[in-house]
Amino acid sequence: MKQSTKDRIAEVRQLLTRRYSNYNTLPIGERVLLAMSVLANDFKVREKGTNAGPWVEAILDCSGLGAGYPWCAAAINFACEIAQTDIGPTKSVAAVSAWHKWANAANRLQSSPKRGHLCLWLNPNGTGHIGIVAGVAATRVTTYEGNTSSSEAGSQRDGDGLYRRSRASGTWKYYVELN
C-alpha cells in the first residue's frame, strides 16, 4: 500500500477518533459505517475522470488495484481498514461477489437490514453493487455507497462518488452482518 494511501487512512481515523471518543470500542459495523459517512460527508469522495482521482485511487490502492477499476467493494475494504478490522474477504479482492461468498460461508447473510449491515446485490453475470446501511424506515433503506450516483439519475453501480443514498428496501438482495 502506498504511503499516500496510509496517510489518507490515518487522516480519516484521526477525524473519527476526535469526533467520537469511543470510536475504537464501537461494534465493527458502526465503525465501518462511520468511516463511510465521514468519507462521503467530510471528505466528499468524488471521481476525477472515470474511477480515478486522489481519494478513489487511495481506495483502490488499499485493495491492491490501480485507477480505473469499479470501486464500491474497494470502498468497503477501505472503510474496514480505517476501522482497523480484518473482517470480510481478503482486502486484495475488491468484488461484491467475494463479500457475498465470504458472508455466506461465515453464516452472516441476513434477510432484513439493520444499521451497520452491508447491503448488496449480484447480477447473473457476477457484477453487483455494495454499500452499508445507515438506517431503515418502512420500505426504504438509507445507505452509504461508493462508486454510485448521488440520485436515481445516472449509474447506480458505476457513478462518480461516495454518497448517502435512500433506496427501496427491495433494491438489495442481501444484507450482511459485520458484528
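Here are some questions and answers about this predicted model.

Q: What makes β1 and β5 the edges of the sheet?
A: Start with the layout: six strands form an open sheet in the order β1-β6-β2-β3-β4-β5, with antiparallel pairing. β1 (109-110) and β5 (161-168) each have a single partner strand, so one side of each is left without a neighbour in the sheet.

Q: How do you know that β4 and β5 pair?
A: Count the bridges: two strands need at least two bridges between them. Strand β4 (residues 140-148) and β5 have seven, in the antiparallel sense, so they count as a pair by that rule. For one bridge you can look up yourself, take T142, whose partner in β5 is S166.

Q: What does helix α4 touch on the sheet?
A: Helix α4 (residues 72-82) packs against β2 (118-122), β3 (128-137), β4 and β5. Its direction makes about 60 degrees with that of β3.

Q: Which strands does helix α5 lie across?
A: Helix α5 (residues 96-105) lies across β1, β2, β3 and β6 (174-176). Compared with β2, the helix runs at about 115 degrees.

Q: What makes α4 "mostly covered"?
A: 10 of its 11 residues are buried. Among them are C72, A73, N77, F78 and I82. Just past the helix comes Q84, which has a positive phi near 55 degrees.

Q: Which helix gives the most to the largest nonpolar core?
A: That core has 47 residues, and those with the most contacts inside it include W71, F78, W99, I130 and L162. Several elements supply at least two residues each, including α1 (3-19), α2 (28-41) and α3 (54-62). The top giver is α4, with nine residues. There's also a second, separate core of six residues, and C119, W121, V133 and W172 are among its members.

Q: How do you know that β2 pairs with β3 and with β6?
A: Back to the bridges, where at least two are needed. β2 and β3 have five, in the antiparallel sense, and β2 and β6, also antiparallel, have three. Both clear the cut-off, so both count as pairs. On the β3 side, C119 has G131 as its bridge partner; on the β6 side, L120 has Y174. β2 and β3 also make a hairpin with five residues between them, and G126 in the turn has a positive phi of about 95 degrees. As for cover, four of the five residues of β2 are buried.

Q: Why is the W99 and W102 pair called edge-to-face?
A: Two numbers settle this one. Ring centres must lie within 6.5 Å to pair, and planes over 60 degrees apart count as edge-to-face. W99 and W102 are 5.7 Å apart, centre to centre, with 80 degrees between the planes, so both conditions are met. This is one of four aromatic pairs in the structure. The two residues are three apart in helix α5, which means about one helical turn separates them.

Q: How do you know that W99 and W102 are buried?
A: The limit is under 20% relative accessible area. W99 has 0% and W102 has 19%, so each falls under the limit and each counts as buried.

Q: Why is the W121 and W172 pair called tilted?
A: The centres of their rings are 5.1 Å apart and their planes stand at 40 degrees. Stacked needs under 30 degrees and edge-to-face needs over 60, so 40 is left as tilted. W121 sits in strand β2 and W172 in the loop between β5 and β6, so the pair ties together parts that are 51 residues apart in sequence. W121 is buried at 13% relative accessible area, and W172 is buried at 4%.

Q: What links F43, W55 and F78 into a cluster?
A: Ring pairs do.

Q: How do you know that R8 lies over the face of W55?
A: Distance is one part of the test: the charge has to be within 6 Å of the ring centre. R8 is at 4.5 Å from the ring centre of W55.

Q: Why does S111 count as exposed?
A: Exposed means over 50%. S111 has 74% relative accessibility, so the label fits. You'll find S111 in the loop between β1 and β2. S111 and G88 are 23 residues apart in sequence and 18 Å apart in space, going from C-alpha to C-alpha.

Terms used: Residues numbered from 1 in each chain as written. Predicted model: local features only at pLDDT ≥ 70, side-chain atom pairs only at ≥ 80, totals over all residues. Heavy atoms only, no water. Contact = heavy atoms within 4.5 Å. Axes fitted to C-alpha atoms, helices over the stretch in contact; angles between N-to-C directions. Core = buried A, V, L, I, M, F, W, Y, C linked by side-chain atoms within 4.5 Å. Buried < 20%, exposed > 50% of the residue type's maximum accessible area, 1.4 Å probe, protein only. Phe/Tyr/Trp six-rings, centres within 6.5 Å; stacked < 30°, edge-to-face > 60°. Lys NZ or Arg CZ within 6 Å of the ring centre and 35° of its normal.
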